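Hi,

Here's the structure I said I'd pass along. Have a look at it first, then read my notes underneath.

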Amino acid sequence: MARTHLGELEEQVLLILLRLDGESYAVKVAEEFGGLTGRDVSAATTFMVMRRLEQRGLLTSRVGDPDPEWGGRPRRFYKVRAKLVLPLLRASRDARLVLWDGLEDRLR
């Protein structure tokens with residue numbers, strides 16, 4: 001049975017990919033993650049999450065041209081499959097909002 005929910009880091013990586021026009025590579029996603037959240041995540045962790053999301057069919061990937069900044073090696077770019085991802089992100093957001101509803105006053 002296919003998973004129909006997203007883990008926290010999976011959700012965050014997908015949101016960052018969407019911010020990056022729906023396609024990017026692990027190092028850029030990790031940098032953006034740190035810049036947006038103030039939390040460090042390694043490029044290796046980001047890469048593993050993106051590979052897992054690709055295995056689930058939520059991302060596609062392509063190998064870019066050789067990059068001199070990477071010692072002539074190509075980068076792997078991952079792209080969001082929006083038709084599949086957006087409903088999952090909306091469901092995740094809705095579930096969080098339900099859990100948060102009514103707690104704002106208690107957390108002050």
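Below is what turned up, from the overall layout down to the main pocket.

First, the ground rules: this is a predicted model, where local features need pLDDT of at least 70 and side-chain atom pairs count only at pLDDT 80 or more, while totals for chains, interfaces and linings use all residues. Residues are numbered from 1 along each chain as its sequence is written, and side-chain values use heavy atoms, with hydrogens and water left out.

The protein has four helices and three strands (DSSP runs numbered from the N terminus: helices are H or I with at least four residues, strands are E with at least two). In sequence order they run α-β-α-α-β-β-α. The C-alpha trace spans about 55 × 35 × 20 Å along its principal axes.

Of the 108 residues, 31% are buried, meaning under 20% relative accessible area with a 1.4 Å probe, protein chains only. Among contacts (heavy atoms within 4.5 Å) with a separation of 6 or more, 50% link residues 24 or more positions apart.

Now the largest pocket, an open set of points on a 1 Å grid with protein on both sides within 12 Å along at least five of seven lines. Its lining residues, those with an atom within 4 Å of a point, are Glu 8, Glu 11, Gln 12, Leu 15, Leu 89, Arg 93, Arg 96, Leu 97 and Trp 100. The elements giving two or more of them are α1 (8-19) and α4 (82-100), and α4 has the largest share, with five residues.

Cheers

Note on methods: On a 1 Å grid over the protein atoms alone, a cavity is a set of points where a 1.4 Å probe fits but cannot get out, and a pocket is an open set with protein on both sides within 12 Å along at least five of seven lines; lining residues have an atom within 4 Å of a point. Buried means under 20% relative accessible area, exposed over 50%, partly exposed in between (1.4 Å probe, protein chains only).
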